[in-house]
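Reader: I am new to this structure and would like a close look at a single part of it, namely how its charged side chains are placed and paired. Could you take me through that slowly, in one connected account?

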There are 2 protein chains.
Amino acid sequence: MSSQATKPSTASIIDLLGMLAYGELVAFDRIAADAKLAPDLRRRASLSAMAAAEINNYQRLVARITELGGDPEAAMTPFVEVIDAFHDSTAPRDWLEGLVKVYVGDSIADDFFREMAALLPPTDRDLVLDVLHNNANAEFAISEINEALGRDPKLAGKLALWARRLVGEALSQAQRVAAEHDSLTEIVIEGTGDLAKVGELIKRIMQAHSNRMTAIGLTN
Amino acid sequence: MSSQATKPSTASIIDLLGMLAYGELVAFDRIAADAKLAPDLRRRASLSAMAAAEINNYQRLVARITELGGDPEAAMTPFVEVIDAFHDSTAPRDWLEGLVKVYVGDSIADDFFREMAALLPPTDRDLVLDVLHNNANAEFAISEINEALGRDPKLAGKLALWARRLVGEALSQAQRVAAEHDSLTEIVIEGTGDLAKVGELIKRIMQAHSNRMTAIGLTN
């Protein structure tokens, strides 16, 4: 296999931005719904503000898709089913499950898009890096999870199981995306010149996830 | 009754801002939920963006309550039950009902807060006027409603009935608020020096609502 890296096609970039845009739109309404599970108004407002930030990102991505000559709705549509399927199969049953989902889900998605961003031309790379979640969301989730585990250490087992389910579902939907959308694997292959890099990318993302779980005490 | 106007107390102002803040927080999650009723992704995103704007307003109101020496959560709590009751009893069943609710509800709430704002000291007056909905929301709702009525004029009866139900529920909850929260009627009485002004205020708001319904063809 050649290791000749080339620039990804505009069609591939539009595909990636379309996936990210629909992901933001869904994240908005899922996090907005989870906010209602909050134990008090202050926490509810924190989660609502996180949701609102996704819409700002969504709008920037849609503007860029249009600028690249794509139709935002057409770019998002192929990802609706798979992203909805992920969220439908992982609806949090309570406040803490919602936060673990924000933390685990955002982090994995961010790692994935950060890897992809590195393979894009500068304008799109900067946009994708810019719309990734800021650390405030993760820090809020970590501090809530830590506080809950401090009060009731037995929660760790239940939440660790939940985190594993989230990752399992994410991986199974990611395989569907990869199978259905050559454009995304193409970005990796064109960007790195090597199909084997897809496997390495997944391995790196899973390792980072594993480290995060250990760091917040969700390993058993 | 004296017509001597005085400045409303800080406690009254905090009460008003608390009601408005909780209203924004709820508007956020109701509009976010309604967005899922949208017939396509573009419209869904438009409604999601409206929801997101409410959170920005919420944050400004909370900052001001804190600045005035109030506790935002304590200021909002007395209004949770009544505002939730309004929304629980008026959950839209489809996209158009959601838009009529945005239009009717936002407009009435805005008229009410605009009246109240006029009675506040400059800083709070400007803040309240500033967080009122911009016309973009209403224009989006009007254009969607007009388009739907153009396609199917028979919808007018159903939507007019829905609008009347919204107003009925709003009035009944407003009476509860007035009965339970002297501070709000106090703002009117202190601001105008006249209890009779409360009745005039309600009359003006209802007249404006009526004019809006006529303007979009929802009168039968």
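**Charged side chains and their partners**

Author: With a relative accessible area of 72%, B:K154 is exposed, because the cut-off for that word is over 50%. The model is a predicted one, and in it the side chain of B:K154 meets that of B:D152 in a salt bridge, with 4.0 Å from N to O. B:D152 has a relative accessible area of 30%, and therefore counts as partly exposed. Salt bridges can also share partners, and in this way A:D40, A:R43, A:E144, A:E147 and A:R151 are joined into one network. Over all chains, the count comes to 40 salt bridges.

Some of these pairs link parts that are distant along the chain. One of them is formed by A:R30 and A:D88, whose closest N and O atoms are 3.1 Å apart; A:R30 belongs to helix α1 (residues 10–35) of chain A and A:D88 to helix α3 (residues 72–88) of chain A, with their positions 58 residues apart in sequence. A:R30 is partly exposed at 22% relative accessibility, whereas A:D88, at 54%, counts as exposed. Another pair is that of A:R60 and A:D130, which meet at 2.9 Å, N to O. Because A:R60 lies in helix α2 of chain A and A:D130 in helix α5 (residues 122–131) of chain A, this salt bridge ties together parts that are 70 residues apart in sequence. Both ends are partly exposed, A:R60 with a relative accessible area of 34% and A:D130 with 48%.

Helix α2 of chain A, which holds A:R60, deserves a few words of its own. It runs over residues 41–67, and its 27 residues should span 39 Å at 1.5 Å a residue, which agrees with the 40 Å between its end C-alpha atoms. At its start, a side-chain oxygen of A:D40 reaches to within 3.2 Å of the backbone nitrogen of A:R42, and A:D40 is also a member of the network named above. Just after the helix, A:G69 takes a positive phi of about 90 degrees.

A charged residue without such a partner is B:D110, in helix α4 (residues 95–117) of chain B. B:D110 is buried yet has no salt bridge, and the nearest side chain of opposite charge, that of B:R114, is 4.5 Å away. Leaving out residues up to four places away in sequence, B:D110 touches B:L132 and B:H133.

Technical notes. Residues numbered from 1 in each chain as written. Chains lettered and ligands numbered in written order. Predicted model: local features only at pLDDT ≥ 70, side-chain atom pairs only at ≥ 80, totals over all residues. Heavy atoms only, no water. Helix = DSSP H or I, 4+ residues; strand = E, 2+ residues; numbered from the N terminus. Buried < 20%, exposed > 50% of the residue type's maximum accessible area, 1.4 Å probe, protein only. Lys, Arg positive; Asp, Glu negative; His and termini not counted. Contact = heavy atoms within 4.5 Å. Expected span 1.5 Å × (residues − 1). Polar contact = N/O pair within 3.5 Å; in protein donor to acceptor, adjacent residues only side chain to side chain.
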